[in-house]
Amino acid sequence: DVIADYLEESGVSAATIAVGGSVLTYGDKPGGDWQIAVRDPDGSDGSALGILSISGTHYISTSGDYEKYFEENGVKYHHIFDPDTGYPAKSGLRSVTVVCDSGLKSDGLSTACFVLGYEASLPVLQEYGAQAVFILEDGSVRTTEGLEAYFSIIK
């Protein structure tokens, strides 16, 4: 959010900024839509499962179980904890990518939705005017209605 304010104050017309699991698309990309890759949780480092094609200013954040984890005795322990159990969340998801009008919201919502799971996330996303791409444990992909036309599976 601070970077978007800086870009506006500096007179920048278009930019993409990536910080960790978050991306800012700022303004309209000359010549077409912004193409933002959504990682494949089962793919090699950096491989994409799909592409989000969007225009304008958006904040995109992803939370998933595939980067920060370890396995012990056949059990995978990732870094996104369920506050009810104190253990890594078991929500049936591998990742959630949230698109909305605030970097703070997109980051918080992607983690919250990962913990909540697909069904319980839908009213939360609606409340905050956000959209999402969900990758489920079985490898299937679901999007909220507002993103259906903007997300393409490439895998």
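**Entry 1: Asp42 and Arg94**

I looked up the side chains of Asp42 and Arg94 in this predicted model, and I found that they meet in a salt bridge, with N to O at 2.6 Å. I then checked where the two partners sit, and the pair turns out to link distant parts of the chain, 52 residues apart: Asp42 belongs to the loop between strand 3 (34-39) and strand 4 (48-54), while Arg94 belongs to strand 8 (residues 93-100). I noted for myself that side chains of opposite charge can pair when their charged atoms come close.

Is each partner buried or exposed? Asp42 has a relative accessible area of 57%, so I wrote it down as exposed, since exposed means over 50%. Arg94 has 11% relative accessibility, and I therefore wrote it down as buried, because buried means under 20%.

**Entry 2: a second partner for Arg94**

Which other residue forms a salt bridge with Arg94? I found Asp65, and the closest N and O atoms of this pair are 2.8 Å apart. This pair, too, links distant parts of the chain, for Asp65 lies in the loop between strand 5 (58-64) and strand 6 (69-72), 29 residues apart from Arg94 in strand 8. Here I recorded both Arg94 and Asp65 as buried.

**Entry 3: the remaining salt bridges**

I counted the salt bridges, and the count comes to five. One of them is formed by Lys105 with Asp101, where the closest N and O atoms are 3.5 Å apart. Following shared partners, I saw that salt bridges join Asp42, Asp65, Lys76 and Arg94 into one network. Returning to the pair of Lys105 and Asp101, I noted that Lys105 is partly exposed at 33% relative accessibility, whereas Asp101 is exposed at 53%.

**Entry 4: the two sides of helix 3**

I turned to helix 3 (residues 118-127) and asked which of its residues are buried. I found Tyr118, Ser121 and Leu125 to be buried there. Looking down the axis of helix 3, I saw that its buried residues fall within an arc of 50 degrees, so they line one face of the helix. As a reminder, I wrote down that an α-helix has 3.6 residues a turn, so residues three or four places apart point the same way. On the other side of helix 3, I found Glu119, Gln126 and Glu127 exposed.

**Entry 5: a negative patch**

Which residues form the negative surface patch? I listed Asp1, Asp5, Glu8 and Glu9. I looked further at Asp5, which has its place in helix 1 (residues 2-9) and counts as partly exposed at 44% relative accessibility.

**Entry 6: two loop residues**

I looked up Asn73, which lies in the loop between strand 6 and strand 7, and noted a positive phi of about 55 degrees, although Asn73 is not a glycine. I marked this because most residues other than glycine have a negative phi. Asn73 has a relative accessible area of 75% and is exposed.

I also looked up Gly92, which is found in the loop between strand 7 (75-78) and strand 8, and which counts as partly exposed at 25% relative accessibility. The C-alpha atoms of Gly92 and Leu116 are separated by 9.3 Å, and I noted that these two residues are 24 residues apart along the chain.

How values were computed:
Residues numbered from 1 in each chain as written. Predicted model: local features only at pLDDT ≥ 70, side-chain atom pairs only at ≥ 80, totals over all residues. Heavy atoms only, no water. Patch = residues over 30% accessible without salt bridge, like charges linked within 9 Å, V, L, I, M, F, W, Y side chains within 5 Å. Areas by Shrake-Rupley, 256 points an atom, 1.4 Å probe, with all protein chains shown as cover. Salt bridge = Lys/Arg side-chain N within 4 Å of Asp/Glu carboxyl O. Lys, Arg positive; Asp, Glu negative; His and termini not counted. Charge placed at Lys NZ, Arg CZ, Asp CG, Glu CD. Helix = DSSP H or I, 4+ residues; strand = E, 2+ residues; numbered from the N terminus. Buried < 20%, exposed > 50% of the residue type's maximum accessible area, 1.4 Å probe, protein only. Arc of directions from axis to C-beta.
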